[in-house]
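Work through the exercises below with the sequence and the model open side by side. Each task is followed by a stepwise solution.

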Amino acid sequence: MSRRFERTFTALAEHIDELGHVNNAVWVRWIQDIAVTNWEEVAAPEDSARFFWVVTRHEIDYRGNVAEGETVTAETWIEGQPKGATSVRRVDFRNAAGKVIISAATTWAMLDRESNRLVRVRPEILEPFR
């Protein structure tokens, strides 16, 4: 089972769209923010120095939203085993009542910093996240 990583986000005025809720683009940014922060805090220093990740796919289910001033708790984890150069990361956002209002599955591809080429995700790279 994967270790879970949490972070809290607060909806600011600049995050709000014309409907009075957090804009979809902000949810995507928060998904990327928590994933990158998790990588930077948990990955082995040599892996972080050698590799970086890019998104190849976002799949997001919207079941609710929050308004300005409200907070959500994001929880992320690695789902399943890597496939070649890709790995799937899940992110759930819970509102103040603890209900999951946004659920995302993002496919990330790992690249070598020196060559900017895709590289196979070896199990030991993801081991600190398990």
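**Exercise 1.** Find the residue in E3 that is the bridge partner of Phe9.

Solution. Go to strand E3, residues 71-83. The partner of Phe9 there is Val72. Arg7 has its own bridge partner in E3, Ala74. Now take the whole pair: E1 and E3 run antiparallel over 6 bridges. Strands count as paired if DSSP finds at least two bridges between them. Strands themselves are DSSP runs (E, at least two residues) and helices are runs of H or I of at least four, numbered from the N terminus.

The model is predicted: local features need pLDDT of at least 70, side-chain atom pairs count only at pLDDT 80 or more, and totals for chains, interfaces and linings use all residues. Residues are numbered from 1 along each chain as its sequence is written, and side-chain values use heavy atoms, with hydrogens and water left out.

**Exercise 2.** Trace how E3 continues into E4, and state the pairing sense.

Solution. E3 and E4 form a hairpin with 2 residues between them. Gly84 sits in the turn, with a positive phi of about 65 degrees. The two strands pair in the antiparallel sense over 8 bridges. Within this pair, Thr73 stands opposite Arg94 in E4.

**Exercise 3.** Write the strand order of the sheet, then place H1.

Solution. The sheet is open and has 5 strands, ordered E1-E3-E4-E5-E2 with antiparallel pairing. Its edges are E1 (5-10) and E2, each pairing on one side only. From one strand to the next, the twist averages 25 degrees. H1 packs on this sheet and touches E1, E2, E3, E4 and E5 (100-112); contact means heavy atoms within 4.5 Å. The direction of H1 makes about 140 degrees with that of E1. Axes are lines fitted to C-alpha atoms, for helices over the stretch in contact, and angles run from 0 to 180 degrees between N-to-C directions.

**Exercise 4.** Which elements give two or more residues to the lining of the largest pocket?

Solution. A pocket is an open set of points on a 1 Å grid over the protein atoms alone, where a 1.4 Å probe fits, with protein on both sides within 12 Å along at least five of seven lines; lining residues have an atom within 4 Å of a point. The elements are H1 (24-42), E2 (51-62) and E4 (86-94). H1 gives the most, with 4 residues.
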